[in-house]
Amino acid sequence: MKKVIVAGFKGRMGNTASHMVIDHKDFELVGVFDPRATEKTLGENLEFKGIDVPVYSKVADIASSTADVWIDFTSPTSVYENVKFAIENGISPVVGTTGMTDEQVNELQKLAKAKKIGGLIAPNFGISAVLLMQFAQQAAKYFPNVEIIEMHHDNKLDAPSGTAINTAKLIAEVRAPKQQGNPQEKETLAGARGANYEGMHIHSVRLPGYVAHEQVLFGSEGEALTIRQDSFDRSSFMSGVAVAVAKVQDYDELLVGLEHIL
Ligand SMILES: NC(=O)C1=CN([C@@H]2O[C@H](COP(=O)(O)OP(=O)(O)OC[C@H]3O[C@@H](n4cnc5c(N)ncnc54)[C@H](O)[C@@H]3O)[C@@H](O)[C@H]2O)C=CC1
Ligand SMILES: O=C(O)C1=N[C@H](C(=O)O)C[C@H](O)C1
C-alpha cells in the first residue's frame, strides 16, 4: 500500500485526487493539507464521511514518516516550498501544480538527486495532452511556423498554462530558433500577439465553462495543420496521477513529464 498525502485538498484538483486515492485499492490516504482547512479530520466533510484521516493546515505539522508520496495540486506561489519540504522529508512528490520557474525546478531536481528521492512534475496528467505535446514536437520538424492557443476556466492563476509552456519547450528542442510573423509588425494594442517563447507566440484564453484545452497551429506554404486536445472533466487527469503515485518511488530523481514514466 502506498501511503499518500494530498496537498491542496480543498481545491478542484486536490478534491478529485483525494477521492481517487481513497477509491484506489493500492493507495491509502494518510493525510490532507491545505492552509484553508479548519477541520481536524477529513471525515468532517459530508462528501468524505467516515474517512477520518488527519487534516493539516500548516506544513510544519506534517511528520516526515507520514507518507510515501505527496500529491501536490496547490498554487504557483506555494508549490516550490511544498515540494522542497516533501523531498527533504523523504516523501516522493507527484506534482501537478504549474507555474514554477525553470530555476525552481532545477533546484528541486538537484535536491532530489542528492537525497535519492524519486519524483515527478507533470505539466499535464491527461493522456490527450501528453500525446498532443508529442505530436506537436513531431510536426514542428516539418512545420517550424507555430502558434499555441491554450484555453482554461477563468479561475486559473497562471498564464500561459504549464502545458503550453511545455509544448513550446518541446518544439524548441527540434526547431531552429526563429522569430515569426513580419519583422516589422507592431502591436497597436499591447499583448495582441500574445507571449513569445523563442519566437513562438502563445495565447491564453480564460472563460467560464471551460476546463482545459489546447490547440497547436502550424502554417506553411498553402497548407496548415491544427492539433487540439480537450479535457472536459478533471477526472481525466486521475489515471495519470495514479500511474505516477504507483511508480514514482522506483526512481531516484525528479522527472519532468508524465511520458517518462508511462
Ligand atoms: N498537471 C495537471 O494535469 C493539472 C494541473 N493543474 C494545476 O494544479 C494547480 C491547482 O489547480 P486547481 O485545483 O484548479 O486550483 P484551486 O485553486 O482549486 O486549488 C488550489 C488549492 O491549493 C490550496 N493551497 C494554497 N496554498 C497551499 C499550500 N501552501 N499548501 C497546500 N495547499 C495550498 C488552496 O487553498 C486551494 O484549496 C494549478 O497550478 C493548476 O494549473 C490543474 C489541473 C491539471
Ligand atoms: O489550471 C488548470 O486547470 C490546468 N493546469 C495545467 C496547466 O497549466 O497546463 C494542466 C491543465 O491544462 C489544467
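This passage walks through the two ligands of the structure, the residues around them and a few points of the backbone.

The model is predicted, so local features need pLDDT of at least 70 and side-chain atom pairs count only at pLDDT 80 or more, while totals for chains, interfaces and linings use all residues. Residues are numbered from 1 along each chain as its sequence is written, chains are lettered from A and ligands numbered from 1 in the order in which they are written, and side-chain values use heavy atoms, with hydrogens and water left out.

A good place to start is ligand 1. There are 23 residues around ligand 1, and M13, D34, R36, T98 and F125 come nearest; a residue counts as near a molecule if one of its heavy atoms lies within 4 Å of it. By class, this shell holds 8 nonpolar, 9 polar and 6 charged residues. In this scheme Ala, Val, Leu, Ile, Met, Phe, Trp, Tyr, Cys and Pro are nonpolar, Asp, Glu, Lys and Arg are charged, and the others, Gly among them, are polar. Several polar contacts (pairs of N or O atoms within 3.5 Å) can be followed in the model. An N or O atom in the side chain of N82 is 3.2 Å from a nitrogen atom of ligand 1, and a backbone N or O atom of G96 lies 3.1 Å from a nitrogen atom of ligand 1. For K156, a polar side-chain atom lies 2.8 Å from an oxygen atom of ligand 1. On its own, ligand 1 has 860 Å² of accessible area, and the protein covers 84% of it; such areas come from the Shrake-Rupley method with a 1.4 Å probe.

Ligand 2 comes next. Its surroundings are formed by T98, P123, N124, H152, H153, K156, D158, S161, G162, T163, A212 and F237. Sorted by class, these are 3 nonpolar, 7 polar and 2 charged residues. Oxygen atoms of ligand 2 take part in polar contacts with side chains: the distance is 2.6 Å for H152, 2.7 Å for K156 and 2.4 Å for T163. Of the 320 Å² of accessible area that ligand 2 has on its own, the protein covers 85%.

Where do the ligands sit? The space taken by ligand 1 is the largest pocket, and the space taken by ligand 2 is the largest pocket as well. Here a pocket is found on a 1 Å grid over the protein atoms alone, as an open set of points where a 1.4 Å probe fits, with protein on both sides within 12 Å along at least five of seven lines; lining residues have an atom within 4 Å of a point. A molecule sits in a pocket if more than half of its atoms lie within 2 Å of its grid points.

The UniProt record adds some annotations, which may be inferred rather than shown by experiment. Its unreviewed entry lists H152 and K156 under "active site", and the lining of the largest pocket includes both H152 and K156. H152 belongs to strand β7 (residues 146-152). Under "binding site", the unreviewed entry lists H153, G162 and T163, and these three are included in the lining of the largest pocket. G162 is placed in helix α5 (residues 162-174). Helices (H or I, at least four residues) and strands (E, at least two) are DSSP runs, numbered from the N terminus. The unreviewed entry also gives residues 3-125 as "domain: Dihydrodipicolinate reductase N-terminal". That span is 29% helix and 20% strand, with its end C-alpha atoms 20 Å apart.

Two backbone details complete the picture. Most residues other than glycine have a negative phi, and most peptide bonds are trans. A159 and P160 are joined by a cis peptide bond, with omega about -5°, and P160 lies in the loop between β7 and α5. K116, which is not a glycine, has a positive phi of about 55°; K116 is found in the loop between α3 (102-115) and β6 (119-121).

Terms used:
Polar contact = N/O pair within 3.5 Å; in protein donor to acceptor, adjacent residues only side chain to side chain.
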